[in-house]
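Please open the structure in a viewer and keep the selection tool at hand. The tour below proceeds one selection at a time.

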Amino acid sequence: MADIINNIVGGRYYILELIGRGGSAIVYKARDIHNGGIYALKKYITSDPANRKRLLEGMERELEVLKNCTHPVLPKIFDLIKIEDAFFLVMEYIDGIDLKKYVDEYGTLSTKMLVKVMEQVCSGFYYLHSLSPAIVYRDLKPANIILCKDGRIKLIDFGIAKRYRTDIDVDKLALGSKGFAAPEQFGFMQTDIRSDIYSVGVVFHEMLTGKMPEGNKCICYDYKEFIQKCINISPENRFQTACQAYKELMKNYIHYDAKLNENAVKFTNSAYKTTGKQDTASVKKDYDYSKMPGFRSGALWQKILGV
């Protein structure tokens, strides 16, 4: 099955074009000849037969992670097809561009756009981390964040995602993208939800500055408190949940950017107490919260994170 474009896979999916290629998979755009729907077919590939088992495990892991998950940033999976030595996941087709390509073509994102993206990432992580057992994504990077035309995002490639286990101390395999993955993903200890928080900080730093942090050190001034806490080498010193990370991001956003908007909240030095809770007495009463990320959509789950 070297060239499957213009062919039918699984007796149902007519392959229209190649839309993506990674280290272990090729993604095609396909049309369902029965209902006319457009889908993405992810074909796992390897030139080394010894890797076949690992790739199959990755495919089955991705299927297991996503088949029962429902959240706006998670792609839907509809089918699994096995043909001879080829394996396909039939997935939701996402019409968009990954952030790596976007930055390569258009430059770094505006701060407003970046905060909106990370708001959705944190919401997706909050959902995954709240499952029982929690799902740890472990592969957040610009190439795995698809930006749709309407501003929504989708996270892709759950091939190394895992369910958190309480009975082990160290991950058996070192998995993750160098630079974006937390130190513990390379065999130092077991990864948990705080490993995803680390990647949030790295991605935000790169998208904001165009550069990676230098040795777990934030090299920018704006958002330094947020980024530095995310990428702390010790998981105990990071934000412990995606919700905590989101709240600090919004605090930083209001401080560095929203003050430029005539409708922004006017914070005094006492606006945030040591507990991190907002002192409502120091906030301008006529502030329109519908303009704040997390409240614009009106969705309950986004408002909860925005509180």
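**A buried serine and its contacts**

Select S195 and display its surroundings: leaving aside neighbours within four places in sequence, S195 is in contact with A182, E184, Q185 and R238. Please bear in mind throughout that this is a predicted model. S195 belongs to helix α4, which covers residues 193–209. Is S195 buried or exposed? With a relative accessibility of 0%, S195 counts as buried.

Two of the residues just displayed deserve a selection of their own. The side chains of R238 and E184 form a salt bridge, with N and O 2.7 Å apart. This pair links distant parts of the chain: R238 lies in the loop between α5 (224–230) and α6 (242–256), whereas E184 lies in the loop between β11 and α4, 54 residues apart. Both R238 and E184 are buried.

Next, select D192 and R194. These residues form a salt bridge in which the closest N and O atoms are 2.7 Å apart. D192 counts as buried, at 12% relative accessibility, and R194 also counts as buried, at 16%. In the whole structure, a search finds eight salt bridges.

**Helix α2 and its two sides**

Select residues 99–106, which form helix α2. Which residues of this helix are buried? They are L99, Y102 and V103. Because these residues cover an arc of only 95° around the axis, they lie on the same side of α2. On the other side of α2, D104 and E105 are exposed. Add β7, α3 (111–130), β9 (145–148) and α4 to the display, for the buried residues of α2 pack against these elements.

Now inspect the start of α2, where a side-chain oxygen of D98 reaches to within 2.9 Å of the backbone nitrogen of K100. K100 also forms a salt bridge with D104, and the closest N and O atoms of that pair are 3.3 Å apart. K100 and D104 both lie in α2, four residues apart, or about one turn of the helix. K100 is partly exposed, with a relative accessible area of 46%, while D104 counts as exposed at 58% relative accessibility. After α2 comes G107, which has a positive phi, near 90°.

**The six-stranded sheet**

Switch to a ribbon display and find the open sheet of six strands, ordered β1-β2-β3-β4-β6-β5 with antiparallel pairing. Its edge strands, β1 (8–9) and β5 (77–83), each pair on one side only. Within the sheet, select β2 (residues 13–21) and β3 (residues 25–32), which pair in the antiparallel sense over seven bridges. L18 stands opposite Y28 in β3.

From Y28, move to Y93. Where is Y93 found? Y93 is in the loop between β6 (86–92) and β7 (96–98). The C-alpha atoms of Y93 and Y28 are 9.3 Å apart in space, although the two residues are 65 apart in sequence. Not counting residues up to four places away in sequence, Y93 touches I19, K29, I38, Y39 and A40. Y93 counts as partly exposed, at 25% relative accessibility.

**Backbone features to inspect**

Most residues other than glycine have a negative phi, and most peptide bonds are trans. Select S132 and P133, which are joined by a cis peptide bond with omega about -5°. P133 is placed in the loop between α3 and β8 (135–136).

Then select N6, in the segment before β1. N6 has a positive phi, near 70°. D157 likewise has a positive phi, near 65°, and is placed in the loop between β10 and β11 (162–163). At 28% relative accessibility, D157 counts as partly exposed.

**Colouring by confidence**

Finally, colour the chain by pLDDT. The chain averages a pLDDT of 79, and 74% of the residues score at least 70. Among the elements of the chain, strand β10 (residues 153–155) has the highest mean pLDDT, 96, and helix α7 (residues 300–306) the lowest, 48. Over residues 165–174 pLDDT stays under 50, and the model has 17 contacts beyond four places in sequence for this stretch. Residues 262–291 also have a pLDDT below 50, with 36 contacts in the model beyond near neighbours in sequence. Where pLDDT is low, the predicted coordinates should not be read in detail.

Notes: Residues are numbered from 1 along each chain as its sequence is written. This is a predicted model: local features need pLDDT of at least 70, side-chain atom pairs count only at pLDDT 80 or more; totals for chains, interfaces and linings use all residues. Side-chain values use heavy atoms; hydrogens and water are left out. Two strands pair if DSSP finds at least two bridges between them. pLDDT is the predictor's confidence in each residue, from 0 to 100. Contact means heavy atoms within 4.5 Å. Buried means under 20% relative accessible area, exposed over 50%, partly exposed in between (1.4 Å probe, protein chains only). The arc is that of the directions from the helix axis to the C-beta atoms. A polar contact is a pair of N or O atoms within 3.5 Å; within protein, one must be able to donate a hydrogen and the other to accept it, and residues adjacent in sequence count only if both atoms are side-chain atoms. A salt bridge is a side-chain nitrogen of Lys or Arg within 4 Å of a carboxyl oxygen of Asp or Glu.
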